[in-house]
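Here are my comments on the model you sent. They cover ring contacts, charges placed over rings, and enclosed space.

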Amino acid sequence: MHYKDYIADPNRNCAIVAHRGAWHGAPENSLAAIERAITVGADIVELDVRKSADGVLFLMHDDTLLRMAGIDREAESLTMAELQAIPLREDDGGERRQTTDQRIPTLKQALEIIRGRIFADLDLKDRGLFSEVATCARAMEAASFVDLKTSVMTRQDLDWVRAQDIPGVSFMAMARFDEHGIRDRMALLSEIRPFMCEIRFDRLETIADNRDLFREAGMALWMNTLNQPGSGEWRDDQALSDPDSIWGRLLDAGISVFQTDEPEALKAYVTARRT
């Protein structure tokens, strides 16, 4: 199934996105974390993409290797051979984590695993890589399984997206919706019709009260519930103790895709909610 068709299916469950892979038990952004995301039943895996000093696309979130490998070097200053010689730390890294047998993967290695098994949100640390990453996905016959995304808040953002050469790869917008500007923002997005939008908002009612507007636009809503400042009050740690107050309220508002660091807990909650 094509990524767009999966997201557009009105009968699908809430889609679960494993942030940097399912990293509880595998280094984030590793091949093992992708495999674990598949095993725990995530629908989408979010991965961070960078480019090595010798021009190879690889997976790593941070600018430096300090957190995930204990090396205070810019990740993109090394060649791919140098990067793949470095063992990754467990889980989400840090000095207390042990090293593992996992190495920093290339995007091609990741796409080999993803293709036909799970969808992937590719978070580019340099959006100038859009065309190159799309070309790689097509060459790996994985274009129908991945998305690329960037912020679309202004006319300049819109023009930038239109100028990109990414045929065959789905585009997801990132936008903030406020009560008094939602119709103008939707009018802007309607010019490129993204299949999905990673959202932030002023109040949950802004989303809930305009669910018909999103539905008519054919745009699914993606929400991050990560334990990060950008998630505001909608955090995984709160959801673990009271899932109805976080995941439940967001689902009731019409949001149907969740990026989480707790894919197993979210999977269990969604399954129980539907029975």
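**Ring contacts and enclosed space**

1. Phe171 has a relative accessibility of 10%, so Phe171 counts as buried, the limit being under 20%. Please keep in mind that this is a predicted model.

2. The ring partner of Phe171 is Phe130, which is likewise classed as buried because its relative accessible area is 1%. The two rings form a tilted aromatic pair, with 6.4 Å from centre to centre and 55° between the planes. Phe130 belongs to helix α6 (residues 130-139) and Phe171 to strand β10 (residues 170-177), so this contact ties together parts that are 41 residues apart in sequence.

3. The total for the model is nine aromatic pairs. Another of them joins Tyr3 and Phe119: the ring centres are 4.8 Å apart and the planes meet at 10°, so the pair is stacked. The cut-off behind that label is planes under 30 degrees apart. This pair links distant parts of the chain, with Tyr3 in helix α1 (residues 3-8) and Phe119 in strand β8 (residues 119-124), 116 residues apart.

4. Both partners of the stacked pair deserve a look at their accessibility. Tyr3 is at 0% relative accessibility and therefore counts as buried. Phe119 is at 10%, so Phe119 counts as buried too.

5. Which residues do ring pairs link into a cluster? They are Tyr3, Tyr6, Phe119, Phe145 and Phe195. The stacked pair of Tyr3 and Phe119 is therefore part of that cluster.

6. Tyr6, a member of the cluster, also has a charge over its ring: the charged end of Arg12 sits there, 5.6 Å from the ring centre. A second contact of this kind involves Arg127, whose charged end sits over the ring of Trp160 at 3.9 Å from the centre.

7. On enclosed space, the structure contains one cavity of 30 Å³ or more. The largest cavity holds about 40 Å³ of space. Its lining consists of Glu28, Asn29, Leu59, Met60, His61, Met68, Leu88, Ile104 and Pro105.

8. How does the lining of the largest cavity divide by class, and how many residues are nonpolar, polar or charged? Six are nonpolar, two are polar and one is charged. The charged residue is Glu28, while Asn29 and His61 are the polar ones. Leu59, Met60, Met68, Leu88, Ile104 and Pro105 make up the nonpolar part.

Conventions: Residues are numbered from 1 along each chain as its sequence is written. This is a predicted model: local features need pLDDT of at least 70, side-chain atom pairs count only at pLDDT 80 or more; totals for chains, interfaces and linings use all residues. Side-chain values use heavy atoms; hydrogens and water are left out. On a 1 Å grid over the protein atoms alone, a cavity is a set of points where a 1.4 Å probe fits but cannot get out, and a pocket is an open set with protein on both sides within 12 Å along at least five of seven lines; lining residues have an atom within 4 Å of a point. Grid points are joined across faces, edges and corners, and a volume is the space filled by probe spheres set on the points. Rings of Phe, Tyr and Trp (its six-membered ring) pair if their centres lie within 6.5 Å; planes under 30 degrees apart count as stacked, over 60 as edge-to-face and the rest as tilted. Helices (H or I, at least four residues) and strands (E, at least two) are DSSP runs, numbered from the N terminus. Buried means under 20% relative accessible area, exposed over 50%, partly exposed in between (1.4 Å probe, protein chains only). A charge sits over a ring if NZ of Lys or CZ of Arg is within 6 Å of the ring centre and within 35 degrees of the ring normal.
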